[in-house]
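The following report describes the architecture of a two-chain model, passing from individual helices to sheets, domains and the chain interface.

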Amino acid sequence: MRSLSSFPPLFSKEWRELTASRAYWLLLLAVGPLVGHGFINAVNLYAEASGVGGRPAALPQGLTPLDGMLAPTFGAYDLAVTLLFPFVAIRSIAAEKESGALKLALQFPFSVGEMVAAKLLALATGWLIAWLPGLIAVAMWRAYGGHLYALETLNLLLGHWLRMLLSAGVATAAAALAESAASAAIVTLGFTLGTWALDFIAAGRGGWLAALASYTPTAALRFFEQGLLRLSVVIVILALASAGLAIAAIWLHIGRKPGARLLRSVVLLGFIAAIVWLGSISRASWDLSENRRNSFSRADEVALRRVREPLRITINLAAEDPRLMDYERGILNKLRRILPRLEVDYAAQTRTGLFEGAEERYGEIWYELGGRKVMNRSTTGPIVVEQLYQLAGITAPANSDEPVFPGYPLAAHPKGASMIFYALWPLAVISIWGLARRQRR
Amino acid sequence: MNLLTVNGLSKQFGARTVLQNVSFSVRQGEVLGLIGPNGAGKTTLFECLAGILPSDGGALRMNEQGLAPTQRKTALFYMPDGVTPWERQSVNWAVGFFERVYAGPIKATELLNTLKLESLRHARIGSLSKGERKRLLLAMGLLTSQPLLMLDEPFDGLDLLQTRDVMALLRSQTGRGRTLMLSIHQLVDAARVCDRLILLSDGRVVGEGTIDELRAQANLSDGGLPEARLEEIFLALT
């Protein structure tokens with residue numbers, strides 16, 4: 001019971017330290033205009049596509065609030081969590097290390113794990129406050145008459161929270177391991193750049209590299225932005241974030257010999273690697289998008305689930321070929337969700353595809369099932385599915401009577417948004433910052 | 001009766017030996033002084049005892065029971081010298097925080113008055129002078145509840161009057177059942193406030209006991225210096 005009763009003062013200390021840090025207030029200050037910029041641009045673009053000024057909407061079915069407003073508006077948080085939030089998290093540990101407060105804190109009647117948990121809780125509370133502009137944007141969207149689908153909205157918010165947890169894990173681990181805040185910032189930035197490089201290198205490739213790249217923060221967030229909730233992504237991101245926090249707890253325990261800390265870290269990383277592996281083989285996923293963009297029609301899904309043999313797809317399209325991107329999004333991602341034994345081979349040798357013409361196989365997509373092989377160049381869903389039915393000897397289901405996604409055009413102006421995000425929010429942050437400084441005394 | 005017994009404590013930083021087979025005991029309710037020149041290993045010894053720096057060898061016993069590094073914070077508290085913790089917070093918050101965490105017998109307001117920090121309640125810790133900060137660290141240390149309190153250079157930065165008051169305050173703690181271990185640079189101060197002394201030189205204990213006992217250990221009692229001061233004893237033992 002000691003932990004429960006002693007946690008409030010510990011959390012209170014971390015909260016005070018967070019609100020005493022300039023980095024946090026600068027994050028709050030920046031996040032309003034960043035969100036505002038994303039929101040205003042998104043609403044304007046959405047209005048243009050929706051036929052602003054009385055013109056008809058260009059393609060109503062393509063107008064989803066998830067793509068049109070939520071993803072670009074909350075994209076500001078991806079930027080903030082990548083470039084600003086790590087400094088706030090690093091400071092929460094580095095300041096205590098550098099000022100000598102850590103020597104006192106280690107003697108408090110709390111475990112190091114409790115200390116790190118309190119820091120995380122304070123950071124999460126601070127991040128929740130930083131979400132106010134995003135929530136204001138959502139409320140304004142509703143006030144303009146915009147539509148929202150709860151499941152895909154909550155799924156996107158979950159993705160951003162997982163992103164924050166991962167960032168907190170990496171930053172706290174770096175701060176605990178590094179000598180100074182500056183070194184920790186370099187390590188964290190290096191991690192971010194490394195994941196970007198991995199994303200780039202793995203694009204259009206299969207195998208373990210592509211599997212690994214699907215868990216980088218950017219790639220993981222992309223699933224949520226598409227309305228997809230993948231259990232493997234949730235498990236892997238939570239495991240990696242926990243690993244970072246646990247590493248921080250291990251290395252902040254400066255009373256232990258470095259060798260003992262290293263051994264604990266190795267054991268921990270082995271354990272986390274096992275969880276990551278177990279998590280990554282989970283195929284459970286839920287398409288929470290309103291327009292079911294990550295799924296074939298229900299009838300097609302029932303039919304395709306009858307394919308029991310392994311399906312091998314060999315794609316002769318380069319990573320930067322837009323057809324491959326269409327194929328990934330429109331077909332492969334859907335097939336991966338319903339075919340447990342799908343193997344994809346990316347056969348193109350270059351990134352752009354510009355110099356692959358000589359092989360005369362460029363553009364071909366081969367399907368192999370039960371010893372039968374067939375080639376098709378199409379990247380269009382219904383054609384590919386039809387091809388698969390033929391290959392598997394399955395009768396295509398009758399035309400689906402599922403309701404067609406209507407789309408939600410909205411020709412609204414972002415009225416009042418500039419005032420709120422560019423003027424009122426910064427003013428409020430600066431005022432509360434000043435008040436908080438005075439109240440600390 | 002011994003509260004704490006230290007046996008064969010050693011510590012190396014790379015090839016440099018900082019503590020070498022350090023053994024001594026701390027008696028219940030005493031003020032024990034740890035004296036030695038700069039670089040003698042006083043701070044390292046405190047940090048090893050507190051468990052915030054790993055030692056390479058040796059063992060601690062508290063009330064005749066083994067005291068593992070993970071148990072140290074239940075038995076002793078070490079207040080370092082020269083730290084400026086939570087510099088953006090106020091003095092009031094810092095003492096209030098220690099009071100809430102430890103819920104010891106002394107009240108924060110009482111200590112603020114005694115240490116003349118009352119007028120600085122709302123000052124930022126980072127804005128305090130060296131002496132003010134030292135008094136705050138003392139207040140924070142005295143608000144802890146562990147049986148043994150170790151203070152690194154408790155009089156450093158204090159003027160004569162403040163030193164005298166703090167000495168009286170520290171002495172009064174033993175009456176409340178607290179045991180104190182003080183690392184003191186100024187030998188005159190050490191002689192005034194401590195019941196017993198440990199002399200540390202080059203990471204080794206070169207003497208332990210009251211001034212009379214140390215004088216005897218240094219063979220100064222019969223050697224023509226029966227009134228030898230601590231400086232002379234220290235020089236004779238090192």
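In helix H13(A), the buried residues are Arg261(A), Val276(A) and Gly279(A); a residue is termed buried if 20 or more other C-beta atoms lie within 10 Å of its own, exposed if 12 or fewer, and partly exposed in between, with C-beta atoms placed from the backbone. The cover over the buried residues of H13(A) includes helix H12 (231–252) of chain A. This is a predicted model, in which local features need pLDDT of at least 70 and side-chain atom pairs count only at pLDDT 80 or more, whereas totals for chains, interfaces and linings use all residues. Residues are numbered from 1 along each chain as its sequence is written, and chains are lettered from A and ligands numbered from 1 in the order in which they are written. Helices (H or I, at least four residues) and strands (E, at least two) are DSSP runs, numbered from the N terminus.

The lengths of two helices can be compared with expectation, taken as 1.5 Å times one less than the number of residues.

| Helix | Residues in helix | Expected span | Distance between end C-alpha atoms |
|---|---|---|---|
| H13(A) | 23 residues | 33 Å | 32 Å |
| H5(B) | 13 residues | 18 Å | 18 Å |

For H13(A), the expected and modelled values agree, and they also agree for H5(B).

Helix H5(B) has eleven of its 13 residues buried, so H5(B) is largely enclosed by the rest of the structure. Among these buried residues are the charged residues Glu132(B), Arg133(B), Lys134(B) and Arg135(B), as well as Leu136(B), Leu137(B) and Leu138(B); for this classification, Ala, Val, Leu, Ile, Met, Phe, Trp, Tyr, Cys and Pro count as nonpolar, Asp, Glu, Lys and Arg as charged, and the others, Gly among them, as polar. The buried residues of H5(B) pack against E6, helix H3 (91–102), helix H4 (108–114), E7 and helix H6 (160–175) of chain B.

The loop between H4 and H5 of chain B holds Ser119(B). Ser119(B) is exposed, with 10 other C-beta atoms within 10 Å. From Ser119(B) to Val91(B) the C-alpha to C-alpha distance is 9.9 Å, with 28 residues of separation in sequence.

Chain B contains an open sheet of six strands with mixed pairing, in the order E6-E7-E8-E3-E9-E10; strands are said to pair if DSSP finds at least two bridges between them. Strand E6 (76–79) and strand E10 (204–209) of chain B are at the edges with a single partner strand each, so one side of each has no neighbour in the sheet. Neighbouring strands of this sheet are turned by 15° against each other on average, direction ignored. E6(B) pairs with strand E7 (residues 148–152) of chain B in the parallel sense over four bridges, and Met79(B) has Leu151(B) in E7(B) as its bridge partner.

Two helices lie across strands of this chain. Helix H5 (residues 130–142) of chain B crosses E6 and E7 of chain B and runs at about 175° to E6(B). Helix H1 (residues 42–50) of chain B lies across strand E3 (31–35), E6, E7, strand E8 (179–184) and strand E9 (196–201) of chain B, at about 145° to E6(B). Axes are lines fitted to C-alpha atoms, for helices over the stretch in contact, and angles run from 0 to 180 degrees between N-to-C directions.

In chain A, an open sheet of four strands has the order E4-E3-E5-E6 and mixed pairing. Strand E4 (342–346) and E6 of chain A stand at its edges; each has a single partner strand, so one side of each is left without a neighbour in the sheet. Strand E3 (residues 311–315) of chain A and E4(A) pair in the parallel sense over five bridges, with Leu342(A) in E4(A) as the bridge partner of Leu311(A). By contrast, strand E5 (residues 365–369) and strand E6 (residues 372–376) of chain A pair in the antiparallel sense over five bridges. These two strands, E5(A) and E6(A), form a hairpin with two residues between them, and Gly370(A) in the turn has a positive phi of about 55°.

The domain assignment, which is automatic or taken from a database, divides chain A into domain 1 (2–287 + 412–439) and domain 2 (298–392). Their C-alpha centres lie 35 Å apart. Six residues of domain 1 of chain A are in contact with nine residues of domain 2 of chain A, contact being defined by C-beta atoms, placed from the backbone, that lie within 7 Å.

Between the chains, 21 residues of chain A are in contact with 23 residues of chain B. The largest share of the side of chain A that touches chain B, five residues, comes from H1(A). By class, this side has eight nonpolar, five polar and eight charged residues.
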